[in-house]
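Hi,

Here's the structure I said I'd pass along. Have a look at it first, and then read on for my notes.

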Amino acid sequence: MYTHCHNTLNRSLLLLCAFSLMLVAVAPQSHASKKDNKNGYRLTLTIKGSTDTIMYMGNYYVGKTYALDTARINKKGQFVFEDENTNLLPGLYFFSNPQGRYVEFVIHNERPFFSFETENQNWTANMKVKGSAENDLFFLYNTYRSSIYGRVDSAYNVYQKEKKSEADFNVFRDENLRVLDSIERTLVSSHPNSMLALILTARHEPPVPSGDNMSEYDRYIYYMDHYFDNTDLTDDALIRTPDAIFHKRFVDYFDKYLHGAEAEMICRYADTLIEKSRPSKEVFKYLVHTITEKYLQTNIMGYDAVYVHLIKRYYATGQAWWSSPTVIDENVKRAETWERLLIGKEAPDLYMRDDNGVAYQLHRMPGKYKLLIFWSPSCGHCKTMIPALHKTWVDIREKYNMSAYAVLSEPDDQNRPLWRKFIKEKGLDDWVNVDGGEANIDWHEVYDVVTTPQVYLLDENNKIVAKKLNADLLVQIMSILEKEGKAGNK
């Protein structure tokens with residue numbers, strides 16, 4: 001390895017010793033002023049050499065940034081952010097000028113009555129803080145981190161310029177990163193309850209055991225079971241961190257790693273995550289609300305069961321303290337409706353008449369399978385989807401012994417003529433086409449027909465086998481059912 005790397009690496013090792021000594025000087029408790037007993041906040045920022053006359057203060061919230069306050073420079077050259085009626089909640093905050101230059105700071109386990117002083121050349125490296133042990137530690141770490149990464153970048157430039165061995169540079173880089181890892185471990189062990197320890201720990205994913213004694217599925221389950229081991233879900237501050245710390249990992253957990261999983265498995269992991277967060281009102285609220293909304297809006301067949309489960313467990317039992325009674329009642333009512341329509345449930349029976357007054361009962365429709373379709377000729381999506389679905393049904397109806405029960409979902413004088421015309425033009429008259437104007441039940445409410453088309457697949461016992469179907473998905477589902485049926489007959 002070239003001399004530059006040797007000398008710089010030695011300085012990196014000295015940094016580790018220096019950092020360990022300096023940690024002793026950072027008190028584990030806050031040394032904030034007596035004003036800590038007050039509500040609100042008072043943050044003073046001084047930037048020597050700056051020409052800025054206005055400064056913003058903001059924070060992170062589940063990966064996004066929000067402006068909270070604005071300050072203009074005073075006669076003393078200070079930016080003073082003050083509000084005695086507003087409390088700043090735990091998390092990662094920032095000061096930013098109008099050009100977007102910013103410096104981060106933390107609020108965690110201390111009343112926010114701090115003073116910040118720095119120089120315009122480098123806001124982070126020159127920052128001095130009064131009144132906050134948490135921020136002393138935060139800026140100390142960031143100074144050393146910047147120094148190590150700066151050293152690696154400089155060495156890389158030398159490597160590029162002098163065309164040195166890439167292997168030598170990789171050794172040098174890895175040694176420096178090990179120094180940084182050691183600094184981080186020292187910090188976390190010395191100040192385990194600090195905001196910085198929360199951030200540093202949450203970035204580390206649990207190692208997955210290797211070896212022939214574990215299958216890929218076993219490794220997957222282990223990974224899912226331990227995914228949040230290093231994330232303190234009991235700390236409110238977790239919600240107010242950059243995207244990579246928590247929110248992105250949370251999204252990946254459900255959108256990437258649980259995508260395609262059975263609803264029962266999703267419910268189990270959602271409950272485990274939520275229960276771990278109970279000591280934190282903020283994290284608990286975020287998880288319950290966000291996961292519930294996600295599965296309220298999902299288009300994936302069968303995942304409505306997750307929404308039903310969450311509403312029954314958390315909203316119907318009075319645990320969603322942030323929601324109004326009206327919102328809770330709406331969700332509980334919807335969940336009760338959806339629960340009756342979950343896959344595996346018996347479809348509510350329908351009794352309606354066709355355009356000639358002939359009555360048809362859904363449960364008495366012939367065949368091993370039957371399609372139940374709610375649609376309207378004035379629905380734009382129906383105009384393309386219904387003919388495609390009908391064509392597919394014609395192609396497979398004999399193979400799978402499948403009938404069809406199609407309901408006019410907007411039975412009024414304007415739509416009935418359009419309905420008759422559409423049926424004739426598209427050749428839909430081999431379906432049982434019934435007018436939804438008169439029925440044995442309020443099927444709009446019972447089947448939650450808010451949008452159309454809605455398509456259900458029922459078996460010979462009128463159990464719901466699939467829903468939210470289109471032509472392509474119907475073919476896929478029938479292929480799966482056929483394979484399962486053959487496997488069951490062996």
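Below is what turned up, starting with a sheet and moving on to the salt bridges.

Before anything else, keep in mind that this is a predicted model.

**The sheet**

There's an open sheet of four strands, paired antiparallel, in the order β3-β2-β5-β6. The edges are taken by β3 (64-72) and β6 (102-107); each has a single partner strand, so one side of each has no neighbour in the sheet. Direction ignored, neighbouring strands are turned by 25° against each other on average.

In the middle of that order, β2 (residues 54-61) and β5 (residues 91-96) run antiparallel and pair over four bridges. If you want a spot to zoom in on, Met57 sits opposite Phe95 in β5. Helix α2 (residues 133-162) packs on the sheet, where it touches β5 and β6. The direction of α2 makes about 140° with that of β6.

**The salt bridges**

As general background, side chains of opposite charge can pair when their charged atoms come close. The structure holds 21 salt bridges, and a few of them seemed worth writing up.

Arg240 and Glu282 meet through their side chains at 3.0 Å, N to O. This pair links distant parts of the chain, with the two positions 42 residues apart: Arg240 is in the loop between α5 (216-226) and α6 (247-257), while Glu282 belongs to helix α8 (residues 281-296). Buried or exposed, these two? Both Arg240 and Glu282 are buried.

Helix α8 also supplies Lys294, which reaches Asp255 in helix α6, 39 residues apart in the chain. Here the N to O distance is 2.2 Å, so you may want to look at that one yourself. Lys294 counts as partly exposed because its relative accessibility is 31%, and Asp255, at 39%, counts as partly exposed too.

For a local case, try Asp395 and Lys391, whose closest N and O atoms are 3.5 Å apart. The two are four residues apart in helix α11 (residues 380-400), which means that about one helical turn separates them. Both Asp395 and Lys391 are exposed.

Finally, which residues are joined into one network by salt bridges that share partners? They are Asp271, Glu275, Arg278 and Arg313.

Cheers

Technical notes. Residues numbered from 1 in each chain as written. Predicted model: local features only at pLDDT ≥ 70, side-chain atom pairs only at ≥ 80, totals over all residues. Heavy atoms only, no water. Pairing = 2+ DSSP bridges. Axes fitted to C-alpha atoms, helices over the stretch in contact; angles between N-to-C directions. Contact = heavy atoms within 4.5 Å. Salt bridge = Lys/Arg side-chain N within 4 Å of Asp/Glu carboxyl O. Buried < 20%, exposed > 50% of the residue type's maximum accessible area, 1.4 Å probe, protein only.
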